[in-house]
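I opened my notebook to look through a structure that was new to me. These are my entries, in the order I made them.

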Amino acid sequence: MALAEAPPAATPRTIVVALDGSGEFTSIQEAVDAAKKGDTVFVKPGAYPQDLTIHSKERVKLIGAGIDKVTLLGREEVVGVLHVGKWPYGATNIEISDMTINEHGGHALGIFNGTGITLRRLVVNGMLFGQQVQNVRIEECMIGGSETTGVQFADSQAVLVGNFIHDNDHGVNVAGKSEVRLERNVITRSLFEAVVVNDRAKAVLVSNTLVKNGGGVAFLGLSQSDVSGNVIGLNKVGFVFAGTSQAKTAFNALYNSDGNYMKAGVPPSPAPERTSESDIAGDPLFVDAEHDDFRLRADTALLNRGSFPYLGAFPPVNRPSSASQKN
């Protein structure tokens, strides 16, 4: 008896959303609801007075025409504008890119109970919050303007690479039992700390530039952190350690007005015993910190430290190429 042939797999579609009616939908929500596994929802230019929830979906992409062309505005009666996952439903392998997401009610973007979420080339005007999400990747995003925290994770696992996080009360808050890696991010103009690692969270900070904040990194609660290759400068304080936390620091550059190593308290007190021998104290020599050009000058002292060709998020200007160095 011949076995019945399996039905052919559905061909992935691109579903177009346009406010002027030139696409299949004018509503982003209706387009996402119609999307099947493997489909892409493409959003044409426009300011969309809509909110969006993506849940019970797998391997769906939401792509805008560009961060300067597509803006999600939300609706008056809804807190938050874009939600990925929804209790008790999740979302799996979702990619969102190339659009601006405004805040509403203090929240812009929330990720809940999902896995494999990628956020790329977004402008997020307000808080980005993640709770009980795994395998999250946030890269090349601009996140700012929150009256609380720019990016906050609770009981989640995430990687943040190459983001610009600015003008928040706190830059990044890692809480609960989260495990978060921050690499080559710039965090600036936070009213308080650029990064807070709290509770039983674990954080790895590698090659970030944390500048012009109230503080650099606060290690609180029973948190565990590994911090290396960063530039923490032009803040009031650099590192703040609670006695219950565990933090390993190496090959960081610190240049802060009220102290580089402080013990948590009100106010914080100096903790020179926490100084790492491989850390460097002194002006990192940014190109133009006043105008947020945090590239290193060619005459910086932050080159070839440990395994790092340079410290911080950006290579120095006029740095010889590897080919010319060999000649």
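I began with a definition: two strands pair if DSSP finds at least two bridges between them. The model is predicted.

**Overall.** I counted helices and strands and got 2 helices and 33 strands. Next I checked the radius of gyration. A compact globule of 327 residues would have one near 20 Å, and the protein has 22 Å, so the two agree. Along the principal axes, the C-alpha trace spans about 75 × 55 × 50 Å. I found that 50% of the 327 residues count as buried. The exposed area is about 15,000 Å², with 51% supplied by carbon and sulfur atoms.

**Strand β15.** I then turned to residues 170-175, which form β15. Of these 6 residues, 5 are buried, so the strand is largely enclosed by the rest of the structure. Which strands pair with β15? Strand β12 (residues 149-154) runs parallel to β15, joined by 5 bridges. Strand β18 (residues 193-197) also runs parallel to β15, with 3 bridges. I followed V172 across both pairings. V172 is the bridge partner of V151, and V172 stands opposite V195 in β18.

**Strands β30 and β31.** My last stop was a hairpin with 4 residues between its strands. Here β30 (residues 286-288) and β31 run antiparallel, joined by 2 bridges. F286 has L296 in β31 as its bridge partner. Between the strands I looked up D292, which takes a positive phi near 65 degrees. Which side chains of β31 are buried? Those of F294 and L296 are, and they point to one face. D293 and R295 point to the other face and are not buried.

Notes
Residues are numbered from 1 along each chain as its sequence is written. This is a predicted model: local features need pLDDT of at least 70, side-chain atom pairs count only at pLDDT 80 or more; totals for chains, interfaces and linings use all residues. Side-chain values use heavy atoms; hydrogens and water are left out. Buried means under 20% relative accessible area, exposed over 50%, partly exposed in between (1.4 Å probe, protein chains only). The radius of gyration is taken over C-alpha atoms; the globule rule is 2.2 Å times the number of residues to the power 0.38. Accessible areas come from the Shrake-Rupley method with a 1.4 Å probe; for residues, only the protein chains shown count as cover.
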